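Reader: I would like to learn how to read a protein structure, one feature at a time. Where should we start?

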Amino acid sequence: MSEDPNGAASAAPALRQRLAQVRGVSVPPRPLDARALAALAANPGCHRRALLDGAGVDKPRLAEALGAPSGFGQSQFAFMRGHAFEARVKADGGAELLRLAHACLGGGPAPDGGGEVPRLAAPGQAERVARTEEALREAAGRRGGWTLLDHPMLPLEVAGSDAFLEPDAIVIHPDGGWSVVEIKSFPMLDGSADAAKVGAAARQAAVYVLALEEAAGRLAERLGGAPAVRHQVLLVCPKDFSNLPTGAAVDVRKQRAVTRRQLSRLTRVEELAAALPPDVCFDPDRPAAELLHAVESVPASYAPECLSACELAFHCRERARAAGDVTALGRSVRGELGGLTSVEEVLTAAASPDGAGGGADPGTDATVAALRRAARLRSEALATAGAGAPDRGPGCR
């Protein structure tokens with residue numbers, strides 16, 4: 001059977017139309033960014049987030065409409081401070097930024113002041129991508145100098161649809177290497193920064209590295225070979241308690257490998273959208289009952305880590321607790337409990353006289369045996385504490 005040559009061409013508009021119906025035709029799509037992709041890759045089993053992010057649903061407004069607004073985000077003061085710091089780092093043609101890139105990553109002779117800074121502004125995302133790739137091609141063709149791409153735009157296919165990513169900067173070294181730059185407003189004290197914040201920055205930068213590698217692959221034929229995308233990114237932060245920039249090289253090979261593997265496992269958006277009832281819509285202006293039905297029609301995979309990464313986390317936590325889902329206790333606990341997926345099953349396994357807990361043999365089921373032993377030790381500890389406690393009278397209990 002011959003393939004329909006128009007099939008692929010007609011599939012993309014059909015998918016866009018379906019996602020617009022899911023999002024709400026009058027609602028503009030909310031673009032994916034690297035931070036959202038890093039969080040999405042960290043929880044690939046959550047079909048709810050994959051669909052909502054792929055369709056461009058406004059999750060903050062959706063959470064408010066459901067009565068569970070998100071409790072995280074950057075304050076206006078922190079936002080303004082971060083922008084002021086970034087502007088200082090990139091001033092004078094990026095002279096300070098290129099100096100840090102040379103000091104931390106090498107890649108050729110030291111820069112003499114600022115470097116080449118191509119103009120990347122364009123009216124649309126596709127135009128900005130084209131400008132970025134043209135600037136990368138031109139910079140790769142004139143080796144020997146430093147080039148700074150300020151807020152370039154890179155596409156990355158995620159679950160069957162394109163996400164457009166905007167790193168803080170990309171540096172092209174005189175030796176032809178390409179490096180991603182992450183500029184953050186948290187400080188480096190005595191040469192080190194908060195490990196959790198550095199880890200989050202590394203996961204975000206790994207998404208940019210993946211997108212930059214794909215851009216290098218697309219340009220390989222025109223350049224006579226793919227340019228080298230460095231796996232060490234430049235992290236720029238304020239030094240100590242000042243507003244002076246300092247930098248550090250962060251190896252993101254592990255984060256890159258994990259992110260690539262997790263993104264490849266995400267269910268494609270068109271498959272998730274096709275499985276929805278035809279009337280499902282996530283327009284935040286719809287009645288709360290309809291939105292609740294729409295949200296619950298897509299399975300979620302809640303974990304406590306979602307509280308710092310997803311706007312719907314409070315809603316999902318409430319539903320997970322109401323259902324007695326052990327994932328609400330954390331992924332490590334869920335892994336330890338094996339086939340026991342609800343709190344009721346766990347309590348039954350711990351309290352049943354034979355330790356069966358739904359038919360499991362405590363002699364062969366290590367999880368049930370451990371729960372029975374923990375329950376026995378708890379009972380003994382409570383009995384001992386109760387027997388040894390002095391009687392202080394009814395008024396002091």
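Author: Start with charged pairs. Side chains of opposite charge can pair when their charged atoms come close. A salt bridge is a side-chain nitrogen of Lys or Arg within 4 Å of a carboxyl oxygen of Asp or Glu. A search of the whole structure turns up 20 salt bridges. This is a predicted model, in which local features need pLDDT of at least 70 and side-chain atom pairs count only at pLDDT 80 or more, while totals for chains, interfaces and linings use all residues. Residues are numbered from 1 along each chain as its sequence is written, and side-chain values use heavy atoms, with hydrogens and water left out.

Reader: Which residue forms a salt bridge with Arg48?

Author: The partner is Glu296, with the closest N and O atoms 3.8 Å apart. Helices (H or I, at least four residues) and strands (E, at least two) are DSSP runs, numbered from the N terminus. Arg48 lies in helix α3 (residues 47–55) and Glu296 in helix α11 (residues 288–296), so the pair ties together parts that are 248 residues apart in sequence.

Reader: Is Arg48 buried or exposed?

Author: The general idea is a cut-off on accessible area: buried means under 20% relative accessible area, exposed over 50%, and partly exposed in between (1.4 Å probe, protein chains only). Arg48, at 6%, is buried. Glu296 has 31% relative accessibility and counts as partly exposed.

Reader: What are the relative accessibilities in other pairs, such as Lys184 with Glu182?

Author: In that salt bridge the closest N and O atoms are 3.3 Å apart. Lys184 counts as buried at 14%, and Glu182 counts as buried at 1%. Asp251 and Arg253 form another salt bridge, at 2.7 Å from N to O. Here Asp251 is partly exposed at 33%, and Arg253 is partly exposed at 49%. Salt bridges can also share partners: Arg49, Asp53, Lys59 and Glu311 are joined in this way into one network.

Reader: Next, empty space. How many cavities of 30 Å³ or more are there?

Author: The search runs on a 1 Å grid over the protein atoms alone: a cavity is a set of points where a 1.4 Å probe fits but cannot get out, and a pocket is an open set with protein on both sides within 12 Å along at least five of seven lines. Lining residues have an atom within 4 Å of a point. Grid points are joined across faces, edges and corners, and a volume is the space filled by probe spheres set on the points. By this rule there is 1 cavity of 30 Å³ or more, and the largest cavity has a volume of about 30 Å³.

Reader: Which residues line the largest cavity?

Author: The lining consists of Glu182, Val198, Ala201, Ala202, Val233, Leu235 and Val250. Helix α8 (195–223) and strand β6 (232–238) each supply at least two of the lining residues, and α8 gives the most, with 3 residues. For the chemistry, Ala, Val, Leu, Ile, Met, Phe, Trp, Tyr, Cys and Pro count as nonpolar, Asp, Glu, Lys and Arg as charged, and the others, Gly among them, as polar. This lining divides into 6 nonpolar, no polar and 1 charged.

Reader: What does the second largest pocket look like in the same terms?

Author: That pocket holds about 510 Å³ of space. Its lining has 19 residues, of which Pro29, Gly54, Ser161, Asp162 and Phe164 lie nearest its centre. Two or more lining residues come from each of α1 (7–23), α3 and β3 (161–165). The largest share, 6 residues, comes from α1. By type, the lining divides into 10 nonpolar, 4 polar and 5 charged.

Reader: How do I read a single residue? Where is Ser179?

Author: Ask for its place, its burial and its neighbours. Ser179 is in strand β5 (residues 178–183) and counts as buried, at 1% relative accessibility. Contact means heavy atoms within 4.5 Å. Leaving out residues up to four places away in sequence, Ser179 touches Leu105, Ala169, Ile170, Val171, His173, Arg230 and Gln232. A polar contact is a pair of N or O atoms within 3.5 Å; within protein, one must be able to donate a hydrogen and the other to accept it, and residues adjacent in sequence count only if both atoms are side-chain atoms. One such contact, of 3.5 Å, joins the side chains of Ser179 and Arg230.
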